[in-house]
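Student: I'm new to this one. Could you walk me through it and tell me how each label is earned?

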Amino acid sequence: MTTTTPAPVTAPTPTGGPTGSPALSHARVLRSEWHKLWTVRSTWTTVLSAVALVLGVGLLMGATYTSGGGDSDVDTVILTLYGTQLGAIALAVLGILVTAGEYATGLIRSTLTAVPGRLPVLWAKAAVYTGAVLALAFLTDLLTFLTAQVFLSDTDQAASLTDDGVLAAIAGNAAGITLLGLIALGLGAALRSVPGAIGAFVGGVMILPEVLGMLPYEAVETAVRYFPTQAAGALGSATPIPGAASPGAALLALVLWAAATLTVPALLLKRRDV
């Protein structure tokens with residue numbers, strides 16, 4: 001009598017790999033960064049602070065404005081969105097926390113272990129931040145403008161979304177804030193220090209252009225128009241600002257500044273240890 005030895009049974013290999021872990025993909029990295037962004041307290045603190053500053057200052061400007069006053073020649077969108085100058089700082093801090101905050105807590109080690117390619121992490125952080133802040137800034141600016149106009153309806157600053165350049169200025173203001181925050185995010189990723197990145201943003205992005213603008217040289221004055229904060233300011237006006245860059249040139253300058261700032265940490269991620 002002969003016996004037949006049964007063939008060995010081979011267990012099926014999990015679709016995610018031999019270890020059974022889910023396959024790494026750009027969508028999963030994006031989802032991970034999205035969850036990390038909205039599950040930390042600092043995100044809600046900075047976001048709510050930015051919204052409160054923009055809306056609060058806008059309502060204050062609308063409620064206290066009188067026709068023929070000192071602000072009568074100020075562009076309507078700029079007048080109602082004065083608070084975005086403060087809100088932009090809060091959202092810039094958020095951008096820094098998105099990147100440098102992980103180095104402060106040590107979480108970056110786990111992140112880069114899970115995504116050994118490294119660069120997808122940086123691009124995912126930038127994409128998640130850009131999408132979230134652009135939507136938040138636009139909706140906040142829109143709400144602030146419409147609410148302020150309730151007080152301004154009987155003044156010489158009365159305007160509506162259908163007026164020439166108004167909606168474009170509101171969208172441009174949101175884009176400018178977002179790109180400034182993206183520059184801050186890049187500084188955080190490059191310097192890997194929250195205090196250092198905040199200092200670099202305040203000193204290099206906000207204060208340095210003001211200092212250079214005081215120099216009595218026409219070439220310097222022209223160059224300063226395309227610095228980040230000045231370019232962002234040119235995007236948020238419904239009427240052309242004398243001496244400022246055109247909206248198209250300002251937007252291009254901001255995009256190039258953000259791209260250059262993100263290129264530095266991208267190179268460092270490939271060359272430096274965590």
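Tutor: Sure, and keep in mind that this is a predicted model. Let's begin with a rule: a residue can join a surface patch if it has over 30% relative accessible area and no salt bridge, and nonpolar side chains are joined within 5 Å.

Student: Which residues make a nonpolar surface patch here?

Tutor: Ile198, Val202, Ile207, Val211 and Met214 do, and their patch covers about 430 Å². One of them, Met214, sits in the loop between α8 (194-213) and α9 (218-224).

Student: What makes Met214 count as exposed?

Tutor: Exposed means over 50% relative accessible area. Met214 has 66%, so it is called exposed.

Student: Okay, on to the rings. Why is the pair of Trp38 and Trp44 called tilted?

Tutor: By the pairing rule, there are 3 aromatic pairs. For Trp38 and Trp44, the ring centres are 5.2 Å apart, which is within the 6.5 Å cut-off, so they pair. Their planes meet at 55°, and since stacked needs under 30 degrees and edge-to-face needs over 60, the pair is tilted. Trp38 and Trp44 also belong to one aromatic cluster with Trp34.

Student: And how do you know that Trp38 and Trp44 are partly exposed?

Tutor: Partly exposed lies between the 20% and 50% cut-offs. Trp38 has 23% relative accessibility, so it gets that label. Trp44, at 44%, gets it too.

Student: What about the inside: how many cavities are there of 30 Å³ or more?

Tutor: There are 4 of them. The largest cavity holds about 90 Å³ of space. Its lining includes Thr99, Tyr103, Val121 and Lys125.

Student: Which helix gives the most to that lining?

Tutor: That's α6, with 3 residues. At least two lining residues come from each of α4 (84-105), α5 (107-114) and α6 (119-152).

Student: What is notable about the phi of Arg118?

Tutor: Its phi is near 70°, a positive value in a residue other than glycine. Arg118 lies in the loop between α5 and α6. Arg192 also has a positive phi, near 60°, and is found in the loop between α7 (166-191) and α8.

Student: Why are Arg118 and Arg192 called buried?

Tutor: Buried means under 20% relative accessible area. Arg118 has 18%, so it counts as buried. Arg192 comes in at 17%, so the label is buried there as well.

Conventions. Residues are numbered from 1 along each chain as its sequence is written. This is a predicted model: local features need pLDDT of at least 70, side-chain atom pairs count only at pLDDT 80 or more; totals for chains, interfaces and linings use all residues. Side-chain values use heavy atoms; hydrogens and water are left out. Patches are made of residues with over 30% relative accessible area and no salt bridge: like charges are joined within 9 Å, nonpolar side chains (Val, Leu, Ile, Met, Phe, Trp, Tyr) within 5 Å. Accessible areas come from the Shrake-Rupley method with a 1.4 Å probe; for residues, only the protein chains shown count as cover. A salt bridge is a side-chain nitrogen of Lys or Arg within 4 Å of a carboxyl oxygen of Asp or Glu. Helices (H or I, at least four residues) and strands (E, at least two) are DSSP runs, numbered from the N terminus. Buried means under 20% relative accessible area, exposed over 50%, partly exposed in between (1.4 Å probe, protein chains only). Rings of Phe, Tyr and Trp (its six-membered ring) pair if their centres lie within 6.5 Å; planes under 30 degrees apart count as stacked, over 60 as edge-to-face and the rest as tilted. On a 1 Å grid over the protein atoms alone, a cavity is a set of points where a 1.4 Å probe fits but cannot get out, and a pocket is an open set with protein on both sides within 12 Å along at least five of seven lines; lining residues have an atom within 4 Å of a point. Grid points are joined across faces, edges and corners, and a volume is the space filled by probe spheres set on the points.
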